[in-house]
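Please look through the structure shown here, paying attention to a pocket and to a sheet with the helices beside it.

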Amino acid sequence: MAYRTPASDIVSIIDAPPTPAASLGPGRRFVALVHYEAHPPVAHLARPYRSLAGLRIDPALAGRQRTRRLTGLSVLALPAGQPRRIELPAGASISAPAWAPDGQRFAVTVDEPDGIAVWVADAQSATATRVPGLAVRDVLGGDPMSVGSTVRWSRDGSALLVLGSPAPPAEPAPEPIGPREEETAGKRTQMATFTDLLRTAADADVFEALATTVPLRVEPSSGAAAELGSPGLYYHMSESPDGEHLLVWRLQRPFSYRVPFPYFARRVEVWSATGQLERVIADLPVSDEVPRHGVPTGPRMVSWEESVPASLVWTEAQDGGDPLAAAEHRDLIFRLPAPFDGSPQPSVLVTHRCLGWLDMAAPGNLLVTEHDRDRRWLTSRLVDLAAPDDGRVIFDHSADEAYNDPGSPLMTVHPDGTRTVLQDGSYIYLRGEGASPDGDRPFLDRLELADLSKQRLWRSPPGAYEQVLGFAGEDRDQLLIWHESRTEPPNLAIVRLDGGERTQLTSWPDPHPQLTGMDKRLLAYDRGDGVQLTGMLHLPPGYDAVRDGPLPLVIWAYPLDYGDAATAGQVRGSAERFTRLAASDPIWFVLRGYAVLQGATMPVIGDPETMNDSYVEQICAAAAAHVAALVDLGVADPRRVAVGGHSYGAFMTANLLAHTDLFAAGIARSGAYNRSLTPFGFQTERRNFWEATAVYDRLSPFRYADKISAPLLLVHGERDANSGTFPIQSERLFQAIQATGGTARLVVLPHENHGYLARESVLHLLAEQFGWLDRWLGSAGDHAGKAGTHPNASG
């Protein structure tokens, strides 16, 4: 069957170039702008790949599958420069930049027909050149949208540390034909239902061949390369702050058929700067018996102390990695300074699970964050590894908290290549979303570490939405921000803190001016039991409720769980943001005369161990309250209300159609509908199928397919790799509805993953969605015509 295409007004928006991503360089003198193709042709996704070890590998590149293309680079000099394009090979597909410590040069990878090259750009001259003779592999080194660990700079910026390709990738041998065999005895493996795993010994051999790299130190202008080690399965290599040692992570056999590569047998080692082994920090077995919601045992998060010449820090679980095991302290942070020949020094006992740390400017000082699973609580302490008993709590709040979220510290890369929290004496800077009952107003605070007093340096002004990227330059009197408003698309600007003077740096246009007059409102009302619900209501341009009457309504949601009603009811989001239509948005329906309630909150509140016992009741109550509120406003026709969602929102949608009669139709994309197929938990459910069989059964809309009477559009990516949302979930629910006399339509998009990217796919999706709701809610074309938009909903 051929792809469908909606009307031309929709196509033009999909084809409008997206706003580039911005990367602020060290020293904050230059910004790299990364241009990308939002929706590549489906042929790009159709390139052959191998599913191995939890990855999708392009064998021609010996790199990870590319699903989105970064297509170009521009640079911007601060504080008042204009974007200048960097010339790259025609049709290039690149990575995000990896900045050198000098803040002027950066490296990117560039895909070539038979491998991955490395280019180095100069922001001052807006030029880039290929590193001669260098080819790399990013199978293990990081996401293809970033350089990750595949390409790093040495601390002094004189060389690149790369995971090089040992040879042009060979064509993998055909997989031998034979039975697939697995056996288990005594193991208790209750991890997620991962996809794209190794299945056979031949798979393991191909994975090893494609993932093998050679660690290299490369002079970027000449391409002169020194091998630092023999070929192996490396996935991290970084230099100590003094440049005298290397931290190396690598995989080793045995592999696993049950878990993806990060859980394979692995070693963490320290090498000299020239590649001699100095110390094995960890030699870990396959981690395929990690407790549910737990962590592997042994050293984890091994990293350099950024403010010490050469010292390692890591944490180890003291509870077997099991969050249900009784333990006075769940983690212990260790330290091991050069020359790495002594015993690791136990340093900081962490009461709850250690989530990680940020390096401070003072030697040995870390800002350590831990998570109390039972209270859903986050605590960050400032600790000195040399005097851990003197640690002080800096942040302490609910993990669900929005209004009192302190924000995140700004980080900085120093000229010597070290990366720490940005500090001026005892001051640090916090950037946050600024949630409030009136909506988000992002902020920048200065925090005095000595007494924890704060000074608000900047806050997004009323009538706009602005976010801080960082300071502009070394001084603290100018900020680089993203500015947007209801009618202005995001653009970069410089703001002076002493008076608010602004300099606009970019002028990217509105990609869809036909939405400029859209009415957008942040609504709040009660669920009926004291829990506040919110949602962003979008109405067609020119719509008048008195003149035009009620509209067909689309409610789009994604349930979230909370420990208490107070945090569940906090307002998140802003009506002042520019509405940039993405393919996955429901706001497209506004262009066809519908009212759309986006981000309608569906909170599930209760004890983290048992809150899903009342999941169905809570989402049904929330849905009824949303519908009633919009009917009472006079904007929604209660007979023509549809509900939709993606992933967990699709699961919600099917449940609402099974357990209420509120909706005339539904749209469920990439969901899971039979919870027996996710038997080791889903979302934040902590019990497995055998511990809570009745709950898993009751929450499975598949079980109630005979009760789904409203027409349901099911959409799924053919190659969905998300844990738990295999395409069979949509296929079986469709078959169940079909077998019990219901009405449903199943659309499977070729070559697509959990989210949909290809231009052909997203246009087809929009045409299907428009057609489905017009069919079952009745055409909204009359209202679309009154609003001055195109009345043809299905193209």
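## A pocket and a sheet

The second largest pocket has a volume of about 1100 Å³, where a pocket is an open set of points on a 1 Å grid over the protein atoms alone at which a 1.4 Å probe fits, with protein on both sides within 12 Å along at least five of seven lines, and the volume is the space filled by probe spheres set on the points. This is a predicted model, in which local features need pLDDT of at least 70 and side-chain atom pairs count only at pLDDT 80 or more, while totals for chains, interfaces and linings use all residues. Residues are numbered from 1 along each chain as its sequence is written, and side-chain values use heavy atoms, without hydrogens and water.

The lining of this pocket comprises 47 residues, with R577, R580, D585, I587 and Q598 nearest its centre; a lining residue has an atom within 4 Å of a point. Strand β40 gives the largest share, four residues (strands are DSSP runs of E, at least two residues, and helices runs of H or I, at least four, numbered from the N terminus).

| Class in the lining | Residues |
|---|---|
| Nonpolar (Ala, Val, Leu, Ile, Met, Phe, Trp, Tyr, Cys, Pro) | 25 residues |
| Polar (the others, Gly among them) | 14 residues |
| Charged (Asp, Glu, Lys, Arg) | eight residues |

Strand β40 also belongs to an open sheet of eight strands with mixed pairing, ordered β39-β40-β43-β41-β45-β46-β47-β48, where two strands pair if DSSP finds at least two bridges between them. Because β39 and β48 each have a single partner strand, one side of each is left without a neighbour in the sheet. Within the sheet, β41 and β45 run parallel and are joined by five bridges, and L551 has A636 as its bridge partner in β45.
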